[in-house]
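I opened this notebook to record what I looked up, entry by entry. The sheet, one helix and the nonpolar cores are the topics.

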Amino acid sequence: MSTLSPASQLILKHLSEKIDKQTLIIDPLEAQDLAHPDFLSCEVWSFRDLQLPNTMFIWPEKPNGQYHQAIVFFPKAKEKAKWLLSQLAEILPPEANIYLVGENKGGIKTCQKVLADQLINIHKQASGKHCLLYSAQPNPNATKPAGFNFHQYTIEQKSVNIANLPGVFSFGELDKGTELLLSHLPAEINGRVLDFACGCGVIGAFIAKHYPNTLLSFSDIDALAIDSTRETLKQNQLTGELHLSNGLKKISSKYKYIFTNPPFHTGLKIDYYISEAFIKECGQQLESGGKLYLVANRFLKYPQILQNHFDLVEVIAEDNKFKLYCAYNR
Ligand SMILES: C[S@@+](CC[C@H](N)C(=O)[O-])C[C@H]1O[C@@H](n2cnc3c(N)ncnc32)[C@H](O)[C@@H]1O
């Protein structure tokens, strides 16, 4: 049985003959797919921390080859899709073919509507494996969607400025879980603090601003999240260490506190295996006596996972949707 993702299977079934080293692959969901011999000669533009055998450019780096076509794994966030296609138009020649592929449940069906300004000649090419494949060309007259979105959020009369690139979590609105966490922070926080899975950096920037005896680090798998955090820090005249990292793999320091509103999805599915891996990694990056503060949807099975890796797990706050846990060792 093939281990390729359904989207990659659909691409190979219909485009295998056309894929060559002047094909640029954008934002692949499954890193292991790119090891397939048909993809190996392609260059990849990634927006995440990925380990690939291909020549790869990770945002904000931009591909610099001569490409006649691009295969875009359609992003779940529509704002990101628009922004991504406008970035791509700056790299491809106007006659280039752009293929869009994605799972039906990831929203690919909306691509004709969502990308009506960015693309011309959008046609459905194929369907199968619960996925769709479209082809199109860049629209030379497209309007350029805005980059950063700026906001100010106020929690318990304390404010923080936020910069958010399209598709980064909390785009345009503070998440209710994050708000629960920020309104129940400990009275005193000092020392090294990690905002794990930081998104636009709202948690860490709020802490850095209102708890001046802290030294903040931020990590996220998403290059647009790290870029947003960099801008968020600038907007608040703050500094911090930034790590583009899948989980905590690239983090070597130890922290007195880790705060997180963690991811619980892999692609489109809830994945407890990955949640457990993150919690274990967080435990390993805490100083002795350090504490993990984690907010999550109350229906998720976090208490058990936290208890597997910490001696003590307390519920600090809750509402009808979220619970804030504090986990630490004796
Ligand atoms: C629920 S959002 C929280 C964002 C931010 N802390 C907030 O409260 O607005 C989860 C974040 O996890 C990041 N993420 C997803 N998978 C990840 C992984 N494997 N490693 C690190 N971060 C990941 C996502 O990019 C996203 O920014």
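Entry 1, helix α2. I took the expected span of a helix as 1.5 Å times one less than its number of residues. The model I examined is predicted. I looked up helix α2, residues 78-89, and found twelve residues. The distance from its first C-alpha to its last is 17 Å, close to the expected 16 Å. I then checked burial along α2 and noted Lys80, Ala81, Trp83, Leu84, Leu85, Ser86, Gln87 and Leu88 as buried.

Entry 2, the sheet. I read the strand order as β3-β2-β1-β4-β5-β7-β6, an open sheet of seven strands with mixed pairing. Its edges are β3 (55-58) and β6 (119-128), each of which pairs on one side only. Between neighbouring strands of this sheet I recorded an average turn of 20°, direction ignored. I also noted that helix α1 (residues 6-15) lies across β4 (69-73), β5 (97-103), β6 and β7 (131-138). Against β7, helix α1 runs at about 60°.

Entry 3, strand β2. I recalled that strands of a sheet pair through backbone hydrogen bonds, either parallel or antiparallel. Strand β1 (residues 23-26) pairs with β2 (residues 43-46) in the parallel sense, over three bridges. Leucine 24 has glutamate 43 of β2 as its bridge partner, and isoleucine 26 stands opposite tryptophan 45. The pairing of β2 with β3 is also parallel, over four bridges; there, serine 46 stands opposite isoleucine 58. Which way do the residues of β2 point? I found Glu43 and Trp45 pointing one way and Val44 and Ser46 the other, all of them buried. This fits the general rule that side chains in a regular strand alternate between the two faces of the sheet.

Entry 4, the cores. Which residues touch the most other members of the largest nonpolar core? I found Leu88, Leu100 and Phe259 in that role, in a core of 68 residues. Helix α5 (residues 202-210) gives the most to this core, namely six residues. Why does this core lie between domain 1 and domain 2? Domain 1 (6-138) and domain 2 (149-328) both give residues to it, so the core lies between them. Apart from it I located another core, of 22 residues, among them Phe196, Leu248, Leu286 and Leu294.

Entry 5, leucine 88. I returned to this residue of α2, which is buried. Leaving aside neighbours within four places in sequence, I listed its contacts as Leu24, Ile26, Trp45, Ala70, Val72 and Ile98.

Technical notes. Residues numbered from 1 in each chain as written. Predicted model: local features only at pLDDT ≥ 70, side-chain atom pairs only at ≥ 80, totals over all residues. Heavy atoms only, no water. Pairing = 2+ DSSP bridges. Axes fitted to C-alpha atoms, helices over the stretch in contact; angles between N-to-C directions. Contact = heavy atoms within 4.5 Å. Buried < 20%, exposed > 50% of the residue type's maximum accessible area, 1.4 Å probe, protein only. Core = buried A, V, L, I, M, F, W, Y, C linked by side-chain atoms within 4.5 Å. Domains from an automatic or database assignment.
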